[in-house]
Amino acid sequence: MTPVQLLASNDLLRALDLVGVVVMGITGGSIARGLRFDPVGFAAIGIVSGLGGGILRDVMLDQGVPAAFGGPWYLVCALAGAGFSFLVAADGTAWRRLMVGLDATALGLWAATGTLKSLAAGLDVLAAILLGIVSAVGGGAIRDLLVGRIPVIFGGGPLYATSALVTATGAVLVQALHLPGALVLVAVVLGTSLAILSQWRSWGLPSHQDWQVTLSASQMRTMVRRVRRSERRRVARETGAIPVLPPDAADGHLVAEDLGSAASAASPRSPGSPA
């Protein structure tokens, strides 16, 4: 049995897949609840959150009707999750932990399924990995854009895209090396575990930061004095003159005066000048 056949035919994995759709529907519904959407808004956000990534993948693969529309169960699960959030405020530490665990499990399954489907459709490795990541996190990104937020996967959130990348890469290795199909579950577990750990430990990728000067005024003065002393030593080596300056002189007038004295000392005396 190939890895993609295992993911598509195993009843337990299909059940987890549908549970993931419900969880993403609940997550999208929670955002809609905070924004005070009406039932239509809840339904739209729930469907996009739970099914957006898979629909986007299937449309790109151009293999007929997207899997989300191949039967009633996916739409029912997405709407059920959004409806639950409409009726119940999902609060509490235990509830949030359960949602994180189920969400991470669905992310791993979707990343593996999307990657293997893309490989089966004839895509090369990089394109298949990209579509695997899109399958896993695309719905959440589209949901965030619809409500006017920067997608969480772009920074400041858990390592969801990185976790999907780990699973997608593992699925490619299983397929390329012709390993037993069951080993794709190892890739799913690795990506799921990384997603859970990143949420628990608040891990994230480093964000871009511009370089900034953070020197205080006293540090800046010290640096200027050091640069001036270094420059005076260089002039002394090149001209053969040794300027005599106070070691901590920072006044421009003193610097100019002492350099002028050094230059006079270095110039040759004219004939007849007093010794």
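**Talking through helix α8**

Modeller: The protein chain in this predicted model exposes about 16,300 Å², and carbon and sulfur atoms supply 64% of that area. Its secondary structure comes to 10 helices and zero strands.

Biologist: What makes the length of α8 close to the expected one?

Modeller: Expected span is 1.5 Å times one less than the number of residues. α8 runs over residues 184-201, which is 18 residues, and the expected value is 26 Å. From first C-alpha to last, α8 reaches 26 Å, so the two agree closely.

Biologist: Why are Val-184 and Ala-187 in α8 called buried?

Modeller: The word applies under 20% relative accessible area. Val-184 and Ala-187 are in that class, and so are Val-188, Gly-191, Thr-192, Leu-194, Ala-195 and Ser-198. On the other side of α8, Leu-190 and Trp-200 are exposed, a label that needs over 50%.

Biologist: How do you know that the buried residues line one face of α8?

Modeller: Look down the axis: they fall within an arc of 155 degrees, so one face of the helix holds them.

Biologist: And what do the buried residues of α8 pack against?

Modeller: Their partners are α1 (3-9), α5 (93-120) and α7 (160-176). Contact here takes heavy atoms within 4.5 Å.

Biologist: What does the UniProt record say around there?

Modeller: The unreviewed entry annotates "transmembrane region" for several spans, including 179-197. Over residues 179-197 the chain is 74% helix and 0% strand, with end C-alpha atoms 27 Å apart. For residues 39-60, also annotated, it's 100% helix, and the ends lie 30 Å apart.

Terms used
Residues are numbered from 1 along each chain as its sequence is written. This is a predicted model: local features need pLDDT of at least 70, side-chain atom pairs count only at pLDDT 80 or more; totals for chains, interfaces and linings use all residues. Side-chain values use heavy atoms; hydrogens and water are left out. UniProt positions are given in the numbering used here, feature names are shortened, and annotations may be inferred rather than shown by experiment. Helices (H or I, at least four residues) and strands (E, at least two) are DSSP runs, numbered from the N terminus. Buried means under 20% relative accessible area, exposed over 50%, partly exposed in between (1.4 Å probe, protein chains only). The arc is that of the directions from the helix axis to the C-beta atoms. Accessible areas come from the Shrake-Rupley method with a 1.4 Å probe; for residues, only the protein chains shown count as cover.
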